[in-house]
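Q: Please take one close look at the paired strands of this structure, and then follow the nonpolar cores. I am new to it, so please explain the terms as they come up.

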Amino acid sequence: MSPTEIIPLLLVVLLLLAGSGAEPDTMEVVFEGNHTLGADTSTGEGISPTSSSGDDGALVVGGGTLTVPANATVSAPVFVVGGDLRIEGQVVDVRVLAGNVTVTDGATVADQLEVLGGQASVADGATIGSRSELVGELQGASPTRSPAGFLFQVGALALVAGLLARRNPTLLENVGDSVVNHAAVSGVVGAIAGLTLLVLFVYMAFTLLLLPLSVAGLVAEFGIVVYSYVVFGYLIGSRLPVERVDLASAAGAGLFVVALELLGRVPLLGILGQALLVAVGFGAVLVTYFGLREFEPAEIPG
Amino acid sequence: MRFLDHVRAGEWHTVVGYLLFVALMTAGYYYNVTFVQLGLIDLGTRLVGMSNTAVSAWMAALALSTFVVAVVAGVTMDRRGWSTDLRTKLRLLFGVLVVQFVLTAAAPHIRSVAAFGAWILVASVALGIGFPVSFSLAIDFVPVPDRGPVAAVITAATYFLANAVPIEWSIGAFSQLMVLAMAPGLVVLGVVAFELLSPVESIVDDLASQYRDFGTGRFCHDFPVKTRSLAFFAPVALMFGVFFVDSLGFLRIIETPALILTSWQSPQFSTRLAIAVVHVVGALMAGVLYVNFDRNGLFLWVFALFGFTYVLYTSDLRVGALFPALGRDAPSIVNPLFYALTVSFYTTLNFALWPDLSTAETIGTHSAIGVGMAGWLATFVSTAVALYLDHAAVGLLTHLNLVNALALLFFFALAVGLYLRRMLAVAREDERAPDGEADPGEGEVTG
């Protein structure tokens, strides 16, 4: 796994640690070789049990193989973002983002084994507090399986769209104008800015010092995407036979989310279509300064 | 695009002009980025047996000589009225192509320093005449509103060919390919330049008068940009910075097997194809941005992207240094993809900018100074510096860190410069306006 590929996963670990109140800079990372927890560290074959079994420091497996022997107990969270984790003893909390985890016969994961990516192999005689996998989670979160969640999403966006359309429709009008009349330039700006900022924030997070800024940036990017959804809702609403602009926008926003969800069901083209809409919306928000003024392309004489 | 209007109107001579310009510029640029930039280093170091430092000195000499010849050629074109004489330009270009054809065929047989030096001298004359002539064809062939998209097509085609078509980076391989490609091009250009067929004569007649409509560039309509003005030299300086940063970094990247063999010279076709496709996408994006934004905005994009790309490269190297296990894995494809995107951006800008900063009377001089200083001089000076740094055993991380710092410095300086310029303009407007009558809207900061 290359640095660029592993960095986002480490970022996720950092965010999870920061979110849980732990100190990210105390985590111990394993990148290569075969390690056994508690083995003599002077040989280079083992890692210290004190740092990984304390309350603060997390253990991250990024490559190689780490074995938790039968007589060892790890109370700190363990993250697997690459390589292999072999549990023969007792571990409290394991999250697998990539790589492999093997829980052998007689081993224990006291709290939870969470598999977001990669693979987990659990022997019949192993004890697991609770186990969850991403595929199951996603299916559970799908609108068809969880209509309440989807309805909440639709309702929240409709509410925001309605409020914004009532309070300052000019903002939405300006961004909407850019979406409709300057889709190409909006899409280009949105694609470059969105992608570049995303990678930038990921790299910022890896410095640890800029972690709060990185989180704020990612939240801001998400906010821009939501704002662009509201604008799409406004545009759809303006074509509905509803006189009140706030109601029309709210209805339009709801319809847009439903349409986007349905679009995502189309193999390949659906995802491309979704990405295109997000890029155009993102760019339109930026080139209009969040709708504060209309976008006017440069004039070319001739 | 005006191109579609011309097709719909059946103005086929104009359509032919578009195609001829794209073909000529694509071929010329492909020749420069492959044969001249990469082939000569291989020729000097491997076949002639010179040291890297000696080759760097010759490259710098080639740059300087090409630049001087170009300025002389460009100024002569404008003074003698050749800039507005299509037939003269086509015949000059044919002469240049003949010389380059001979030089290209002869290059792999050079084995002595003296022959290498003579080759460099003759090549610099051909290149120096060739690029102001070829850039000046924009005023005959491409309407002003279409210069951005046409520049994008040239960039996309050049880099797609350069990346997707597998070819060994050696003087022999480049020479064989170029000779094969140049031979039919020579025949076609000969037929057009000397009007050997009667339909061609009619088309050239029509094309020869188009400079009256297409001659005044986008940035010259209100006030023609003078050669000795900040409006001209500021873009020259910025473009010099762009080319310098690119070349200084890329020449080190191509000397690092771990970086180059997993990207531009990857044995896997899918990797090279991905880079080629990103080049195309980047060029088309730049074409869209060029027609929608002011040129300063585009320069900001380019420097920001360069700074960002080198942040990615240096971050990978730092992580690799901290965790050697990670450093042993194949470098990510993300970095060269961002690099390709950035290069396509500025190359598109370069093709459109100089004709748009010129009129029919200044196109020779402006394209010679613009492309000469910003392109040739910067590229080859940075080549010399890159080879020197390599010879001085400067590490990869330090080298790329230096390039990164330059890119970020240019980005910062440009952003501050634009802001200060706007601030001065606002201050002057406030001074002119009587007390209390200043327009509050005029304080708005724009790019």
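**Paired strands and nonpolar cores**

A: Strand 2 (residues 34-37) of chain A pairs with strand 5 (residues 65-68) of chain A in the parallel sense, over 3 bridges; strands are DSSP runs of E with at least two residues, numbered from the N terminus, and two of them pair if DSSP finds at least two bridges between them. This is a predicted model, in which local features need pLDDT of at least 70 and side-chain atom pairs count only at pLDDT 80 or more, while totals for chains, interfaces and linings use all residues. Residues are numbered from 1 along each chain as its sequence is written, and chains are lettered from A and ligands numbered from 1 in the order in which they are written.

Within the first pairing, N34(A) stands opposite T65(A) of strand 5 of chain A. Strand 5 of chain A is also joined by 4 bridges to strand 7 (residues 78-87) of chain A, and these two run parallel, with L66(A) having L85(A) of strand 7 as its bridge partner.

Turning to the cores, the largest nonpolar core has 180 residues, of which V230(A), V231(A) and V302(B) touch the most other members; such a core is a set of buried Ala, Val, Leu, Ile, Met, Phe, Trp, Tyr and Cys residues joined through C-beta atoms within 7 Å, where buried means 20 or more other C-beta atoms within 10 Å of a residue's own, placed from the backbone. Apart from that core lies another of 39 residues, among them V30(A), A76(A), F79(A) and V80(A).

Terms used:
Buried ≥ 20, exposed ≤ 12 C-beta atoms within 10 Å, placed from the backbone.
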